[in-house]
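Here are my notes on this one, written as numbered points so you can follow along with the model open. Shall we go through it?

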Amino acid sequence: MDHREASAALAAVGNGMTADALETETLDFKLPGESHKATYNLLADALVCFANAHGGTVVLGVDDKATNRHDALRGVPTAYSLDSIRKGIFDRSRPPITPFAEEVTVDDVRLILVSVPPGVMPHSNAAGLSTRRLGKECLPYPPDQQREVMIARGQVDWSADASSVGLPDLSAVEFERLRQILDAGGRDHLTDLPNQPLLESLRLIAPNGSVTNAGVLLLGDESLIGRVVPSYGYSYQFRPTTGSEATGRIRGNRPLIAAVQILTEAIEARREIHPLNLVGGVQLPLTDYPSEAVREIIINAFIHRSYETSGTVDIEHSPERLVITSPGGLVAGVTPANILTYPSTPRNRLLTETVSMLQLAERTGQGVDRAYREMLRIGKEPPQFEDKGTLVRATLAGGIGNKTFARFVSDLPARAGRDLNVLLTLSHLRHSSSINALKLAGIIQRTPPEAQEVLAAMEDEYGLVEATSRTVRRPYPTYRLRSESLAAMSRSVTYRRRSIDDIDQKVIEHVKEYGFITNQTVRRLFDLHVYAARDLINSLRDRHVLEKIGDAKGGTGVRYGPGANFPK
């Protein structure tokens, strides 16, 4: 076992820190008990607690409350052999734990390091008590939590369980729908198969010959689903404003593929679209709720919900926000703070893999990364996720995204414009004038070194940001938008810019020299296209640095001169 954490902590014990202050989710300090039996019980309880979480190490022979190093390093009597400790823990854990045990000498004091990796199955002590390490505490580990962890580890999959439903019970209409989807996805080699071989190829037939629960959700009719999976269902309601009465309602338990289509069409029917003109006569449709983001989150709500928990997938739609809730909390290990980067841990693995194979949704990243990307690309805030324990709530902010930011993203190199980390960084810099890797790490849900790589690429490869001169030599410099980026983003920036920055200064100097400036001149000064130059001029007009002069209504003849806040 790797004992670097324990070694580093032992070096610090008593040197201004107690061992208790150095304990972590994977490290604990203990003193031997009053008897061998008491010691083995103590160690077994601690190792069960670690095995049910992320594994860990107990350092035996250290007083975790002592402030003096001499008093803290108490040691372990030689009567405790490594073999006796292993056997004592083995005999007092269910299923038995065989730990790693190693003797070390620190300041001439004999200590024993006892370690265990994460358990494959939940463990308990000899009395049947099961606990799990959370932070520095061992908390009760009830059966429902144990099942969630086993689901996260791929040991339990409700969707792959046999349903007792036979092939003749399934819907011919849903078989036809399935074949159409397979054909559209380029899997026409499957569409000509008879029903039985088709389901076998999709692994929707259980070993006992009956249809799996996933097969029922995909191919059963409403009456069959209601009988076999009574917890299944969905609802939708539209409100003209958040606080008004619903003017549109849907409730049902149609099979999964049909349900997703019904719900997405209900949202599409009330979608607001604003066209955005791009260079070359291209139009980018800006919408309040991007179709791909909505679809991914709705499908996620169905495939990752708990079908062993009562409740339905519910959607509340208004111009202000779109809220989608699904029964069951996030799978063990996944939180809103790591949902983008945590390894894929589907609650219903077979159902998730089947839906992915049908190309209805992303498999990797649980589709959340796509939802983030589609919201950010059109100048909106990313989705918000909440884990309430008994349900998960996903919220998309309403309204049309920021046009200036959407145009700026559309002009980026394709690789940068699709890079979620770059988009999250730029979105943050709309609201804050600077950022460093320590701050960015939490935003992109990665480590500070990984965040630094993102910022370095944005500076060196894409030329979007620059390190400030005062911090450039630090391991994690502070970055800000380059002048060109800030000019192009202009009206999408919400923080108060410096009263006169280098962008303003170039414009002001030109106006001072020539008396006016035009869109064409701004394009030449900052290498912008016509729409970005217009946004920059409008930003200066918003701050009354410039104002329109002359009678020209539009086109190249429009000129802008000093405004009320133009420097005298």
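1. Let's start with a strand pair. Strand 4 and strand 5 (residues 109-116) run antiparallel and are joined by 7 bridges. If you want a pair to click on, Ala101 has Val114 in strand 5 as its bridge partner. Bear in mind throughout that this is a predicted model.

2. Now zoom out to the sheet around that pair. It is an open sheet of 4 strands, ordered 1-2-5-4, with mixed pairing. Which strands stand at the edges? Strand 1 (27-30) and strand 4 (100-106) do; each has a single partner strand, so one side of each lacks a neighbour in the sheet. On average, neighbouring strands here are turned by 25° against each other, ignoring direction. Helix 1 (residues 4-12) packs on this sheet and touches strand 1, strand 2 (56-60), strand 4 and strand 5. The direction of helix 1 makes about 55° with that of strand 1.

3. There is also an open sheet of 6 strands, in the order 12-11-15-16-18-17, and its pairing is mixed. Strand 12 (248-252) and strand 17 (384-387) are at the edges; each pairs with a single strand, so one side of each is left without a neighbour in the sheet. From one strand to the next, the twist averages 10°. Within the sheet, strand 16 (residues 321-327) and strand 18 (residues 391-397) run antiparallel, joined by 7 bridges. Pro327 is one residue to look at there, with Leu391 in strand 18 as its bridge partner.

4. What lies across this sheet? Helix 13 does, over strand 11 (234-238), strand 15, strand 16, strand 17 and strand 18. Helix 13 runs at about 20° to strand 16.

5. Ser310 is worth a stop, partly for its link to Pro327. You'll find Ser310 in the loop between helix 13 (291-303) and strand 15 (313-317). Is Ser310 buried or exposed? It counts as exposed, because its relative accessibility is 65% and the cut-off for exposed is over 50%. Setting aside neighbours within four places in sequence, Ser310 is in contact with Ser231 and Pro327. The C-alpha atoms of Ser310 and Pro327 are separated by 7.0 Å, with the two residues 17 apart along the chain.

6. On to a helix pair. The axes of helix 19 (residues 437-444) and helix 20 (residues 448-460) come within 8 Å and cross at roughly 100°. That makes helix 19 roughly perpendicular to helix 20, because angles of 65 to 115 degrees count that way. From helix 19, the residues that meet helix 20 are Ala437, Leu438, Leu440, Ala441 and Ile444. Their counterparts in helix 20 are Pro448, Ala451, Gln452, Val454 and Leu455. By class, this contact has 9 nonpolar residues, 1 polar and no charged ones.

7. Salt bridges next: the count comes to 25. One of them sits inside a helix, where the side chains of Arg177 and Glu174 meet at 2.8 Å, N to O. Both residues lie in helix 7 (residues 172-184), 3 residues apart, which is about one turn of the helix. How accessible are the two partners? Arg177 counts as buried at 17% relative accessibility, and Glu174 is buried too, with a relative accessible area of 5%.

8. Two other pairs show how the partners can be placed. Glu103 and Arg110 form a salt bridge through their side chains at 3.0 Å, N to O. Glu103 is partly exposed, at 41% relative accessibility, whereas Arg110 counts as buried, at 16%. The side chains of Glu386 and Lys388 meet in a salt bridge at 3.4 Å, N to O. Here Glu386 counts as partly exposed, at 30% relative accessibility, and Lys388 is partly exposed as well, with a relative accessible area of 49%.

9. Last point: a network. Asp20, Lys65 and Lys136 are linked to one another by salt bridges in a network.

Note on methods. Residues numbered from 1 in each chain as written. Predicted model: local features only at pLDDT ≥ 70, side-chain atom pairs only at ≥ 80, totals over all residues. Heavy atoms only, no water. Axes fitted to C-alpha atoms, helices over the stretch in contact; angles between N-to-C directions. Helix = DSSP H or I, 4+ residues; strand = E, 2+ residues; numbered from the N terminus. Parallel < 35°, antiparallel > 145°, perpendicular 65-115°, else oblique. Contact = heavy atoms within 4.5 Å. Nonpolar A, V, L, I, M, F, W, Y, C, P; charged D, E, K, R; others polar. Salt bridge = Lys/Arg side-chain N within 4 Å of Asp/Glu carboxyl O. Buried < 20%, exposed > 50% of the residue type's maximum accessible area, 1.4 Å probe, protein only. Pairing = 2+ DSSP bridges.
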